[in-house]
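The following exercises concern pockets, overall architecture and selected residues. Each task is followed by a worked solution in steps.

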Amino acid sequence: MKRVVILGRGGSGKSTLAARLGAITGLPVVELDRHFWRPGLEATPPGEWAALQGDLVRDEAWIMDGDLGPYDVPEVRLRAADTVILLDFSFWRCAWRAVRRSRERADFWLWLWAYRRRSRPPLLAAIATHAGDADLHVIRGPRELRRLVGRAAQTRA
């Protein structure tokens with residue numbers, strides 16, 4: 001586990017997981033939201049986003065967390081990944097976390113609501129196409145997540 005991509009709907013805990021894995025493994029954590037969103041929450045155009053990710057994946061080791069939904073170009077980081085973690089938690093769990101975290105725009109809530117129907121299928125196809133050799137972990141609940149983090153800690157011990 002040297003190049004880790006963490007994906008999932010908003011409020012699933014991608015950044016929290018990335019921080020935990022970073023602390024366990026010593027790998028640098030790259031929060032994609034910080035690189036992607038411009039002032040005023042303006043999205044980076046797809047071509048620029050792909051190029052920026054190309055620069056980010058050149059490093060030898062990293063954990064990249066972020067799923068930018070319809071704005072994303074995940075293929076770049078998926079091609080470089082050796083591990084892909086998809087946090088596939090329920091809408092209600094993610095919505096509750098999102099409400100507790102901050103105020104969100106309407107487009108966020110539409111993406112969150114339609115994630116399993118609209119975002120997840122093309123994302124799984126992109127993973128199969130561009131990260132076929134990577135270890136894929138689809139995490140559907142807190143117990144599975146605890147097991148994954150526990151295995152990472154044991155591996156590093």
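**Exercise 1. Determine which element gives the largest share of the lining of the second largest pocket, and characterise that pocket.**

Solution. The model is a predicted one.
Step 1: the second largest pocket holds about 170 Å³ of space.
Step 2: its lining consists of Met1, Thr25, Thr83, Asp135, His137, Leu148, Arg151, Ala152, Thr155 and Arg156.
Step 3: two elements give two or more residues to this lining, namely strand 5 (135-139) and helix 7 (142-156).
Step 4: helix 7 provides the largest share, with five residues.
Step 5: by class, the lining residues divide into three nonpolar, four polar and three charged.

**Exercise 2. Describe the largest pocket: its volume, its central residues and the elements that line it.**

Solution.
Step 1: the volume of the largest pocket is about 1100 Å³.
Step 2: the lining comprises 42 residues, of which Gly10, Lys14, Asp67, Phe108 and Trp111 are the closest to the pocket centre.
Step 3: two or more lining residues come from each of helix 1 (14-25), helix 2 (32-36), helix 5 (91-101) and helix 6 (106-130).
Step 4: helix 6 gives the largest share, ten residues.
Step 5: the classes represented in the lining are 16 nonpolar, ten polar and 16 charged residues.

**Exercise 3. Establish the order of the secondary-structure elements and assess whether the overall dimensions agree or disagree with those of a compact globule.**

Solution.
Step 1: the protein contains seven helices and five strands.
Step 2: read from the N terminus, the elements follow the order β-α-β-α-α-β-α-β-α-α-β-α.
Step 3: for 157 residues, a compact globule would have a radius of gyration near 15 Å; the protein has 15 Å, so the value agrees with that expectation.
Step 4: along the principal axes, the C-alpha atoms fill a box of roughly 45 × 35 × 30 Å.
Step 5: of the contacts between residues at least 6 apart in sequence, 74% join residues at least 24 apart.
Step 6: buried residues account for 46% of the 157 residues.
Step 7: the accessible surface is about 8500 Å², and 53% of this area belongs to carbon and sulfur atoms.

**Exercise 4. Locate Asp88, classify it as buried or exposed, and list its contacts beyond its sequence neighbours.**

Solution.
Step 1: Asp88 is situated in the loop between strand 4 (83-87) and helix 5.
Step 2: the relative accessibility of Asp88 is 2%. Buried means under 20% relative accessible area, and Asp88 therefore counts as buried.
Step 3: with neighbours within four places in sequence left aside, Asp88 is in contact with Arg116, Arg120, Val138, Ile139 and Arg140.

**Exercise 5. For the loop residues Leu41 and Pro74, state the location and the class of exposure.**

Solution.
Step 1: Leu41 belongs to the loop between helix 2 and helix 3 (46-56).
Step 2: the phi angle of Leu41 is near 55°, which is a positive value in a residue other than glycine.
Step 3: the relative accessible area of Leu41 is 45%, so this residue is partly exposed.
Step 4: Pro74 is placed in the loop between strand 3 (62-65) and helix 4 (75-80).
Step 5: a relative accessible area of 10% makes Pro74 buried.
Step 6: Pro74 and Leu21 are separated by 53 residues in sequence, and their C-alpha atoms are 20 Å apart in space.

How values were computed: Residues numbered from 1 in each chain as written. Predicted model: local features only at pLDDT ≥ 70, side-chain atom pairs only at ≥ 80, totals over all residues. Heavy atoms only, no water. 1 Å grid on protein atoms, 1.4 Å probe; cavity = no way out; pocket = protein on both sides within 12 Å on 5 of 7 lines; lining within 4 Å. Points joined across faces, edges and corners; volume = space filled by probe spheres on them. Helix = DSSP H or I, 4+ residues; strand = E, 2+ residues; numbered from the N terminus. Nonpolar A, V, L, I, M, F, W, Y, C, P; charged D, E, K, R; others polar. Rg over C-alpha atoms; globule rule 2.2 N^0.38 Å. Buried < 20%, exposed > 50% of the residue type's maximum accessible area, 1.4 Å probe, protein only. Contact = heavy atoms within 4.5 Å. Areas by Shrake-Rupley, 256 points an atom, 1.4 Å probe, with all protein chains shown as cover.
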